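This report describes the fold, the sheet and the nonpolar core of one protein chain. The sequence and structure come first.

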Amino acid sequence: MKIKVILLTIFLIFLLSNTLESHDPTMKLSKNFTLRELTRSQTALRKGIHNEPNEEHLIALTVLVHKVLQPIRDKFGTVSCNSGYRCAELCEILGSSAKSSHCRGEAVDCEAYSISNRELAQWIKDNLEFDQVILEYPGKDPRDGWVHVSYRRDGENRNEVLTAIREEGKTVYKKGLQ
Ligand SMILES: [Zn+2]
């Protein structure tokens, strides 16, 4: 009897340690996107931060990939994800809020190599369902900046379009694509 209890305990510890372990970064979230693309961060690497999503975040990332990133990939080819999920510690270091949609696994900063960031933001606006699309810091070069796009998995998506620009050293969000 005692042996059975011990074996069961060992089994449960094994099971628990497995569920607490990191997700495989090569895990595919869709046809063309792996988890790694949505969690990697140079800052996290430099600072030794374990930027690991929990199950809730993983579901949100998967929905985001299917609703936003994969349609962009299917239309325009290679998409580069600069920042997807950010744990609270990483958000803090980057000066962004722990309430950010990145912290919930609901946002990604991306670029598509075959079109400008403005064209990408415009296409998302015209073709996809999303919570926010922000054309971030556009400049003279069409490659300047990036596109932030978020998708709320609770379905309360606002389809809000903004442009982030710097004015007198501060970031200002203007309505629409500027
Ligand atoms: Zn962002």
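Two residues are in contact if their C-beta atoms, placed from the backbone, lie within 7 Å. Axes are lines fitted to C-alpha atoms, for helices over the stretch in contact, and angles run from 0 to 180 degrees between N-to-C directions. The model is predicted: local features need pLDDT of at least 70 and side-chain atom pairs count only at pLDDT 80 or more, while totals for chains, interfaces and linings use all residues. Numbering starts from 1 along each chain as its sequence is written.

**Elements and sheet**

The protein chain has six helices and six strands (DSSP runs numbered from the N terminus; helices are H or I with at least four residues, strands are E with at least two). From the N terminus, their order is α-α-α-α-β-α-β-α-β-β-β-β. The six strands form an open sheet with mixed pairing, in the order β1-β2-β4-β3-β5-β6; two strands pair if DSSP finds at least two bridges between them. At the edges are β1 (79–83) and β6 (170–175), each paired on one side only. Neighbouring strands are turned by 30° against each other on average, direction ignored.

Three of the pairings are listed here.

| Strands | Sense | Bridges | One bridge pair |
|---|---|---|---|
| β2 and β4 | antiparallel | four | Cys110 and Val147 |
| β3 and β4 | antiparallel | five | Gln132 and Ser150 |
| β5 and β6 | antiparallel | six | Ile165 and Val172 |

Two helices pack on these strands. α4 touches β1, β2 and β4, and its direction makes about 0° with that of β2. α6 lies across β2, β3, β4 and β5 and runs at about 170° to β3.

**Burial and core**

Of the 178 residues in the protein chain, 30% are buried (20 or more other C-beta atoms within 10 Å of the residue's own; exposed means 12 or fewer, and partly exposed lies in between; C-beta atoms are placed from the backbone). In β4, five of its five residues are buried. In a regular strand the side chains alternate between the two faces of the sheet. In β4, Trp146, His148 and Ser150 point one way, and Val147 and Val149 the other.

The largest nonpolar core has 28 residues, and those with the most contacts inside it are Leu64, Leu69, Val147 and Val149. Such a core is a set of buried Ala, Val, Leu, Ile, Met, Phe, Trp, Tyr and Cys residues joined through C-beta atoms within 7 Å. α4 gives the most to this core, with seven residues. Not counting residues up to four places away in sequence, Val149 touches Val68, Ala107, Val108, Cys110, Ile124, Phe130 and Val133.
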